[in-house]
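Open the model in your viewer and keep the sequence panel visible. The stops below are meant to be selected in order.

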Amino acid sequence: MEDKNKEKINVVELFGSNVFNDKIMQERLPKKVYKELHKTIDEGKELDPITAEVVAGAMKDWAVEKGATHYTHWFQPLTGFTAEKHDAFITAPHADGTVSMDFSGKELIKGEPDASSFPSGGLRATFEARGYTAWDCTSPAFVREDSAGAILCIPTAFCSYTGEALDQKTPLLRSMQALQTQTLRLIRLFGNMTSRKVTPSVGVEQEYFIVDRQKYLKRKDLIFTGRTLFGAMPPKGQELDDHYFGVIRQRIAGFMKEVNEELWKLGVSAKTQHNEVAPAQHELAPIYAECNVAADHNQIIMETLKQVAERHGLQCLLHEKPFAGVNGSGKHNNWSITTDDGINLLDPGKTPHENVQFLMILTCILRAVDRHADLLRESAADVGNDHRLGANEAPPAIISVFLGEQLEDVLEQLISTGSATHSLKGGKLHTGVKTLPDFAKDATDRNRTSPFAFTGNKFEFRMVGSRDSVAECNVVINTIVAEAFSDACDRLEKAEDFELAVHDLIKEYATEHQRIVFNGNGYSEEWVEEAKRRGLPNINSMVEAIPALVTDKAIQLFGKFGVFTEAELRSRAEIQYEGYSKALNIEARAMIDIASKHIIPAVMRFSRNLAGTVNEIKTAGADVTVPMNMLKDTTALLSQTKLALAKLQEAADQAAAMENGREQAEYYHEVVFKDMEELRVPVDKLEMIVDKEEWPMPSYGDLLFEV
C-alpha cells in the first residue's frame, strides 16, 4: 500500500479512462454514425436501429479491451439504490465448441428486468413482471472494475410494460425537457435566437461518515438500519470545531486518494474533499454536470465511497443521522440553468438591477418556490432526514429563499418604487495586515441556515438527505420553474409593449412572493413564528410531507408538463408511506432484538457482579453505600428498560398488523417512534454505569475517534 501511495498519478490521463465518452466515440465510430448519435444526444432525435448496432459493436470492443466480460443496464429504481443484472458478452457455443463475444444494438437500447420485484406503488402486480430499461444516451456508459471483474455499465431509464416510470431517471429526463422548452420560450422573448439547448446544471456536495469496519460489525443497529439506535455521548463531540477543515488523518487520506482515483477513471470530476463538522465526518464535491449526469455521478460517488471504504477496513455511513447528538449528513444540490453556448442564466452580472432577463428569471423562481414549497419539502423527505432537518445543524423544515443583501435591496426597490436604480457593491476586504492583499469581496454574505439560497450564480438546495438520489429534488425544481416560466411567457407573448409588460410582471412577482424571501437566522424560534405569520408551511416529518405529492395542484402541475401522471404520483406516495413504515419497523425490531439479546443480559451480568461485590464488602465490614447506590440505579434503569421494551414490542406488533399505508406510517411516526425514544433513554444511561468490558457494543467514542 505504501508503494502504491507513492506512485505519481497522471490525472489528465486517468480521467475518463473507463468512460465511453465523446472522445472515444469520435475515435471509434464512423463519422456518419457519430453525427447521428449526436443528433439523438443533442436534439432528442430517435436513434435508428442501424446506428444503434454500430454503436453497440464499438462499445463492446472498447469494453472488452478494458477487460469487461459482462454488461449491465444500470438503473435507479424507487428503492433509493441502483440496480443491475449482468449478462456476459458470450454467444451460444459454435459447432466447433468455441464462443464469440457479441453485443447487439437491441441489447444496448433495451433490457427487460423483472418489474414486479421493485417498488411500484400498485403500478405492477406480482404476476405482471415485465418492465423495460431504455438506454439514456445522454449519460455516458462506463466500465466499473470491482470483485466481479470489469462490467460495462449502461445508464438507463426503467419503465413498466404499460409505460409508467418506475425509476428516478425517467421523470428527471421529462422534467429537463419541460424546463428546456419553457426556458427557450422565455429567452427568445429577450432576443436570444442563438441558444438551441438549455440544461439544468447541478453540482452535488456529498457528506458521509467513516468508521472502523471491525467496530461497525459489532454494532447490529448500524448493520440493520444505518444508524445507532442506542449510544451515550462521549466526553468530547464536536464542541471545539477542531475537526472541521482539520488535517485529514492518514488512514482517511489513503481512502480518499483511492476514492478520487476510482471516480476520475469513471469520469466523475471529484474536486473537493475535507473534514466536516462532526468527528469522523467528511465531504466530497464534484464539478458541475448536466442534471441527469450529475444524478448518475452522485450514485456512483455513493457506491464508490462504500466499496473503497471496505477495501481499507473502513465503513462508510451515508445515513442522515448515524449518531444522536452529533451533526448529521446531507447533500447540497447546487442548481443553475445553462445554455449550450455557455450562458449561465442565473448570473446576475455586475449590475443586476439593469439585468432585466435575470430579474424576470429570479422572480419566476421565487414564484415557483413559494407556490410549491410543500413539493420542494417533500422532495427532501426521508426517514433519516426527520432526525436532521430543523435541528440547528441543517436547514429548517420551513422552505424559504435567501437572496442576500444585494438582490434583496434590488427587489425592495422594485416593490416600493416600481423600478430598481442601483445595486449594492461588494467593495474591498481590508485585513489590516500589510503582507496580506486586499481583495474584492462579494456584494453579500452567505447563509448556511437557508434551505434554498442564492449563492452568486446558482441556487443551493440544502435539505436533501445524504442517502437520497438528487433526481427527486431536481425533478421538482425543474418542473416548478418550468411552470413559472410558462406562465410568464403566456402573458409576455401577448403583450403589446414587451418592456412595460416585463417591468410590471417582475414587480408583481416580487411583491406577491416576497414572503418566501428570508435572509435571517433559520435556526431561531423567532423565524418559526415569523414563518407562521407569513403563511409558510412548516412540515416537520416525512409522513406529513408525502401528501403534497397527490394534491390537485401537484397532479395538475406534473400532468401539464408530462413529468408524472396521476397514477405515477399516487404510486410514489404509496411507496413513500410503505418505505417509511418498513424503515421504522426494522428500527423497532432491531432495538427489541439488541435490548433483549445483548443489552439486558449484559446489564444483568454487571448487576450480579455488583451484588457480589456489595456482599463481599459488607462481609468485610466496610461501607457499601457507593456500590449499593450503583446497584439500585442499575436495577431501576433495568426495570425502566424492560417496561419500555414491552411497550415498544406491543406498539410494533400493532403497527405491523395495520393494512392502510398512510395510517400505518402515521402510527409508526406518532407512536412507535416515540416508544423507541423512550426505550433509548434508560439504555443510554446504563451505558454510563456499566463497565466498558461488559457493554456489548462499541461506544460513540470508539466509533467517532478511533478511525
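The tour goes through a strand pair, a single residue and a helix crossing.

This is a predicted model, in which local features need pLDDT of at least 70, side-chain atom pairs count only at pLDDT 80 or more, and totals for chains, interfaces and linings use all residues. Residues are numbered from 1 along each chain as its sequence is written, and side-chain values use heavy atoms, with hydrogens and water left out.

Select strand 11, residues 314-317 (strands are DSSP E runs of at least two residues, helices H or I runs of at least four, numbered from the N terminus). Leu314 and Cys316 point one way, Gln315 and Leu317 the other, and all are buried (under 20% relative accessible area, 1.4 Å probe, protein chains only). Add strand 7, residues 198-212, which pairs with strand 11 in the antiparallel sense over four bridges; pairing takes at least two DSSP bridges. Phe209 stands opposite Leu317.

Next, select Leu152 in strand 6, residues 149-160. Leu152 is buried, its relative accessible area being 0%. Leaving aside residues up to four places away in sequence, its contacts include Met59, Trp62, Phe89 and Phe142 (heavy atoms within 4.5 Å).

Finally, show helix 12 (residues 356-371) and helix 15 (residues 471-492), whose axes come within 8 Å and cross at roughly 125°. Axes are lines fitted to C-alpha atoms over the stretch in contact, with angles from 0 to 180 degrees between N-to-C directions. Among the residues that meet are Met360 and Ile361 in helix 12 and Ile480 and Val481 in helix 15.

Notes. Buried < 20%, exposed > 50% of the residue type's maximum accessible area, 1.4 Å probe, protein only.
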